[in-house]
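User: I am a first-year student, and I would like a close look at a single residue in this protein and its surroundings. Please take me through it in connected prose, and then set it against the protein as a whole.

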Amino acid sequence: MENQVGKSEKGFVPTILLCLFLGVFGVHRFYVGKVGTGVIQLLTLGGLGIWSFIDLIMIIVGNFTDSEGKVIKND
């Protein structure tokens, strides 16, 4: 499916750094355009850190997508 959708224009490095340092506030989700889930992460402190940790893993392995469904990859 990722071949059909394509690669995101959002950068891999900024996304991973925002998740690593400000993930509990959902800043990485705001950056990629996922405002709704960004607000939820902000209010729940990243699901008490669990949700932001899962996002970090997904970014590292290349399964995290932007608001258009495009994969954010380090290519």
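Analyst: A polar contact is a pair of N or O atoms within 3.5 Å, and within protein one of the two must be able to donate a hydrogen and the other to accept it. With that in hand, we can turn to Arg29, keeping in mind that this is a predicted model. The side chains of Arg29 and Asp55 are joined by a polar contact of 2.9 Å. Arg29 itself is found in helix H3, which covers residues 27-31.

How far is Arg29 covered by the rest of the protein? The relative accessible area of Arg29 is 8%, and because buried means under 20% relative accessible area, Arg29 counts as buried. The residues around Arg29 can be listed as well: leaving aside neighbours within four places in sequence, Arg29 is in contact with Lys34, Val35, Thr37, Gly38, Gln41, Trp51, Asp55 and Phe64. Asp55 therefore appears both in this list of contacts and as the partner in the polar contact of 2.9 Å.

One name in that list, Phe64, leads on to another residue, since Met58 also touches Phe64, together with Asn63, when residues up to four places away in sequence are not counted. Met58 lies in helix H5, which runs over residues 50-61. Met58 is partly exposed, with a relative accessible area of 32%, whereas Arg29 is buried. As for distances along the chain and in space, Met58 and Ser8 are 50 residues apart in sequence and 15 Å apart from C-alpha to C-alpha.

Now for the protein as a whole. It has five helices and zero strands, so that from the N terminus on its elements run α-α-α-α-α. Of its 75 residues, 31% count as buried, and Arg29 is one of the residues that is buried. Among the contacts in the protein with a separation of 6 or more, 51% are between residues 24 or more positions apart.

What radius of gyration would a compact globule of 75 residues have, and what does the protein have? The expected value is near 11 Å, and the protein has 11 Å, which agrees. Along its principal axes, the C-alpha trace spans about 35 × 20 × 20 Å.

Finally, the accessible surface of the protein comes to about 4600 Å², of which 67% belongs to carbon and sulfur atoms. The protein carries 6 positive and 6 negative side chains, and the centres of these two sets lie 2 Å apart.

Definitions and conventions: Residues numbered from 1 in each chain as written. Predicted model: local features only at pLDDT ≥ 70, side-chain atom pairs only at ≥ 80, totals over all residues. Heavy atoms only, no water. Helix = DSSP H or I, 4+ residues; strand = E, 2+ residues; numbered from the N terminus. Buried < 20%, exposed > 50% of the residue type's maximum accessible area, 1.4 Å probe, protein only. Contact = heavy atoms within 4.5 Å. Rg over C-alpha atoms; globule rule 2.2 N^0.38 Å. Areas by Shrake-Rupley, 256 points an atom, 1.4 Å probe, with all protein chains shown as cover. Lys, Arg positive; Asp, Glu negative; His and termini not counted. Charge placed at Lys NZ, Arg CZ, Asp CG, Glu CD.
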